[in-house]
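Visitor: Hi, I've just opened this one and I'm new to it. Could you walk me through it?
Guide: Sure, let's bring it up.

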Amino acid sequence: MNVCIVCGARPNFIKVAPVIRAIETAQTQGKNINYHLVYSGEKDDPTLEDGLFRDLQIRRPDVYLGVKCQNLNELTGQVMSEFENYLQQHPTDTVVVVDDLASTMAAAIVTKKQGIRLVHLAAGTRSFDIRMPKEINRLVIDGLSDILFTAGISNNSIANREGAELSKVYMVGNVLIDNLRFNRNHLVKPSLFDTLKLREKDYLVFTLNRRVLIDDRENLQKMIEAIAENHLGVTIVAPLRGLAKEAIEACHNKIGKKVLTVVEPLPYLEFSYLMAHAAGVITDSGNVAEESTFNQVPCITLNSYTEHEETVKVGTNVLVGEDADMLGKMVGQMIDGQWKNSGLPDRWDGRSAERIVQILLASAEK
């Protein structure tokens with residue numbers, strides 16, 4: 001069986017790494033499964049440093065489609081064209097796509113037009129806000145997929161409710177957790193611990209990525225001010241780049257002081273160490289919220305929804321949306337150590353990728 005794994009951004013590689021390692025293990029056991037790793041972007045993408053692949057213990061992409069475009073419609077069209085060329089040149093039995101990017105949707109559409117089996121990793125996630133481009137992507141990808149791998153029971157329920165056959169949906173668990181368990185003993189302490197004189201469980205981590213937050217500078221400033229009023233001098237480390245870094249620096253200039261300690265983005269194993277030893281995390285990233293739940297570190301998510309409800313219902317995650325007052329209140333509770341009881345969701349056992357590969361092999365034999 002020839003499997004093509006398609007990634008459209010850096011976080012996708014983190015999710016597919018355990019699947020790649022599981023495929024390679026299956027190969028050593030004599031299983032008939034091979035894979036190609038395809039990236040929709042360019043080979044010189046600065047977010048894909050060699051250290052990322054070294055830390056994940058996977059090889060760099062076999063193929064780069066070379067698409068770089070800000071307009072989502074243009075990006076979708078270009079990825080469709082380039083990926084169609086790829087499939088025509090490479091015999092493929094199964095295409096695995098990840099998450100909900102425009103490039104993911106583009107690859108999914110082309111896959112089905114070519115009559116190839118489509119598999120969606122991290123299926124069944126919804127915001128229930130059709131105005132969001134990613135929500136449209138999710139609906140299209142899940143609707144086209146032959147196999148849907150979900151992280152939790154809530155994702156299963158969504159997929160089934162929208163008409164997916166029970167036989168197509170598999171709750172394999174959260175594949176992101178496979179990486180965290182795999183690397184638990186390989187984390188690297190960042191040098192900034194010494195530079196910033198950080199002590200374990202005595203600092204917060206802040207990340208920012210959502211354009212809706214970055215672009216609304218007025219409300220972002222209110223949110224940073226709310227953090228300033230409640231963090232009681234605790235250091236808040238913010239690994240940021242690009243527009244997010246510019247936005248926070250602009251907020252600092254208007255406020256007249258630095259609330260967040262902005263640092264350069266860290267390599268994967270160093271960032272994981274920073275996360276694991278924090279007193280709390282403030283983020284707009286679902287992946288970071290999931291990692292916080294695994295580490296049992298209090299987490300505030302700057303969003304009104306989460307792709308994985310388990311991080312809120314069972315884990316350490318609390319949603320505050322874009323509400324500055326609520327954010328300030330929760331930061332105060334985080335600093336005071338007043339956080340809810342939490343645990344690990346079902347099937348966050350580090351064996352999700354193993355289940356995925358077993359299902360792919362079994363279904364190919366039918």
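Guide: What follows is a chat about a predicted model.

Visitor: Okay, let's start with the sheet. What order do the strands come in?
Guide: The order is S3-S2-S1-S4-S5-S6-S7, in an open sheet of seven strands with parallel pairing.

Visitor: And which strands are at the edges?
Guide: Strand S3, residues 63-64, and strand S7, residues 169-171. Each of them pairs on one side only.

Visitor: How many bridges join S2 to S3?
Guide: Two bridges, and the strands run parallel. S2 covers residues 34-39. If you want a spot to look at, Val38 stands opposite Val63 in S3.

Visitor: Which strands does helix H5 lie across?
Guide: Helix H5, residues 133-144, lies across strand S4 (94-98), strand S5 (117-121) and strand S6 (147-150). Its direction is at about 135° to S5.

Visitor: New topic: charges. How many salt bridges does a search of the whole structure find?
Guide: The search finds 17 salt bridges. One of them has Arg138 paired with Asp100, with the closest N and O atoms 2.8 Å apart.

Visitor: Where do those two sit?
Guide: Arg138 lies in helix H5, while Asp100 is in the loop between S4 and helix H4 (102-113), so the pair ties together parts that are 38 residues apart in sequence.

Visitor: Is that Arg138 buried or exposed?
Guide: Buried, because its relative accessibility is 1%. Asp100 counts as buried too, at 7% relative accessibility.

Visitor: Which residues are linked with them in a network of salt bridges?
Guide: Glu135 is linked in a network of salt bridges with Asp100 and Arg138.

Visitor: What about Asp215 and Arg211?
Guide: Their side chains meet in a salt bridge, at 3.5 Å from N to O. The two are four residues apart in helix H9 (residues 211-215), so about one helical turn separates them. Asp215 is partly exposed at 48% relative accessible area, and Arg211 is partly exposed at 44%.

Visitor: Got another pair? What about Glu309 and Lys313?
Guide: Those side chains also meet in a salt bridge, 2.9 Å from N to O. Glu309 counts as partly exposed at 30% relative accessibility, whereas Lys313 is exposed at 67% relative accessible area.

Visitor: Let's switch to greasy stuff. Which residues form a nonpolar patch on the surface?
Guide: Ile130, Ile136 and Leu139 form the patch, and together they have about 250 Å² of accessible area. Ile130 lies in the loop between S5 and H5. Ile130 counts as exposed because its relative accessible area is 54%, over the 50% cut-off.

Visitor: Now helix H6. Which of its residues are buried?
Guide: In H6, residues 153-161, the buried residues are Ser154, Asn155, Asn156, Ile158 and Ala159.

Visitor: What covers them?
Guide: The cover includes S6, S7 and helix H14 (310-313). Just after H6, Gly163 takes a positive phi of about 105°.

Visitor: Where is Gly173 found?
Guide: Gly173 is in the loop between S7 and helix H7 (175-182). Gly173 is buried, with a relative accessible area of 4%.

Visitor: What is Gly173 in contact with?
Guide: Leaving aside neighbours within four places in sequence, Gly173 is in contact with Thr150, Ala151, Arg347 and Ser352. Arg347 also turns up among the residues that Arg355 touches, along with Val172 and Asp349, not counting residues up to four places away in sequence.

Visitor: So where's Arg355?
Guide: Arg355 is in helix H16, residues 352-364. Arg355 counts as buried because its relative accessibility is 19%, and the cut-off for buried is under 20%.

Visitor: Last thing, backbone angles. What is the phi of Ala122?
Guide: Near 70°, a positive value in a residue other than glycine. Most residues other than glycine have a negative phi. Ala122 lies in the loop between S5 and H5, and counts as buried at 12% relative accessibility.

Visitor: And Lys197, what's its phi?
Guide: Lys197 has a positive phi of about 55°, although it is not a glycine. Lys197 is in the loop between helix H8 (192-195) and strand S8 (203-206). Unlike buried Ala122, Lys197 counts as exposed, at 71% relative accessibility.

Definitions and conventions: Residues are numbered from 1 along each chain as its sequence is written. This is a predicted model: local features need pLDDT of at least 70, side-chain atom pairs count only at pLDDT 80 or more; totals for chains, interfaces and linings use all residues. Side-chain values use heavy atoms; hydrogens and water are left out. Two strands pair if DSSP finds at least two bridges between them. Contact means heavy atoms within 4.5 Å. Axes are lines fitted to C-alpha atoms, for helices over the stretch in contact, and angles run from 0 to 180 degrees between N-to-C directions. Buried means under 20% relative accessible area, exposed over 50%, partly exposed in between (1.4 Å probe, protein chains only). Patches are made of residues with over 30% relative accessible area and no salt bridge: like charges are joined within 9 Å, nonpolar side chains (Val, Leu, Ile, Met, Phe, Trp, Tyr) within 5 Å. Accessible areas come from the Shrake-Rupley method with a 1.4 Å probe; for residues, only the protein chains shown count as cover. A salt bridge is a side-chain nitrogen of Lys or Arg within 4 Å of a carboxyl oxygen of Asp or Glu.
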